[in-house]
Amino acid sequence: MLHRSRPVVIGVLNVTPDSFSDGGRYADLDAAVRHGVQMHRDGAQLIDVGGESTRPGADRVDAETEAARILPVIRELAARGVPMSVDTYRASVAAAALEAGATVVNDVSGGLADHDMAKVVAEAGCPWILMHWRGHAKRMQELARYTDVVADVKAELAQRIADALAAGVAADRIVIDPGLGFAKRAGDNWQLTARFPELLSLGYPVLFAASRKSYLGALLAAPDGTPRPTGERTAATVATSVLAVAAGAFGVRVHDVRETVDALAVWVASGRPRLAT
Ligand SMILES: Nc1nc2ncc(COP(=O)(O)O)nc2c(=O)[nH]1
């Protein structure tokens, strides 16, 4: 499912009206399927299909709405042989998405939001991306308080892993993710980037997902402080993605697939240089 011979690129497909960087662009079935097929052609090994925006402050939708948004897209893409993950923290939505053709669960809550998720994943035997999370979009920025963000994220992810294993999820099905931008201030995201190798010591593949996030917009802000618009953060996303892979990330989750695949091809052709850890 995930060929580790090359860095894994996961393409973001938000079937939502309000996701932070592409909300509404793929809200209709044809546009979503076209974009998913194109990202797969461009080299994405997985298309990550999400039906609820998780950006800070976003309104949550109910499970029925979330499922109604993503299931037709998943079915159509599966029929076209496009491999997918489902971006949901709801067990019922994950189960329906797996049934419809998704093969990986990408859970931004790391199993915290729905205690039935572990059972769904264990029974399906599918890979489970456990992201570091401290609460839903409305509250998460209030929760960005850390003693040492890397050590704290690592300890909390270790607990998510232990819970998953205890629930019968196989160790080789687990991928972890530091949750950049989720209950993290800009400095926290940069600490997690700079000290990325410390997360690897947990012994699981680590996904890096910085794509177009607001801390990149802040870094590239105009002299008057206006953040760089989300659609103009591609170069920063590509740069940080290559750095993360060079630091040991098994893969990246991005909106700009072609640019990322191209940049990682250069990294591979250059002999996969590693950042000194
Ligand atoms: N595993 C994982 N999943 C995610 N899903 C959504 C978003 C934020 O919204 P986006 O879909 O617009 O990138 N970020 C992550 C992330 O950092 N890691």
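**A walk from helix 4 to strand 1**

In this predicted model, helix 4 spans residues 117-124, and its buried residues are M117, A118, V120 and V121. These residues sit on the same side of helix 4, because they cover an arc of only 160 degrees around the axis. Turn to the other side of helix 4 and you will find K119 and E123, both exposed.

What do the buried residues of helix 4 pack against? Their partners are helix 3 (91-100), strand 4 (104-107) and strand 5 (128-131). If you follow the chain just past the end of helix 4, you come to G125, which takes a positive phi of about 65 degrees.

Now let us move to strand 1, made up of residues 8-14. Strand 1 is mostly covered, with seven of its seven residues buried. In a regular strand, side chains alternate between the two faces of the sheet. Here, V8, I10, V12 and N14 point one way from strand 1, while V9, G11 and L13 point the other way, and all are buried.

Which strands does strand 1 pair with? One of them is strand 8 (residues 251-254), joined to strand 1 in the parallel sense over four bridges. To locate this pairing in the structure, look at G11, which stands opposite V254 of strand 8. Strand 2 (residues 46-50) also pairs with strand 1 in the parallel sense, over five bridges. Here L13 makes a handy landmark: its bridge partner in strand 2 is V49. Notice that G11 and L13, the residues picked out in these two pairings, both belong to the group that points the same way as V9 from strand 1.

Terms used
Residues numbered from 1 in each chain as written. Predicted model: local features only at pLDDT ≥ 70, side-chain atom pairs only at ≥ 80, totals over all residues. Heavy atoms only, no water. Buried < 20%, exposed > 50% of the residue type's maximum accessible area, 1.4 Å probe, protein only. Arc of directions from axis to C-beta. Contact = heavy atoms within 4.5 Å. Pairing = 2+ DSSP bridges.
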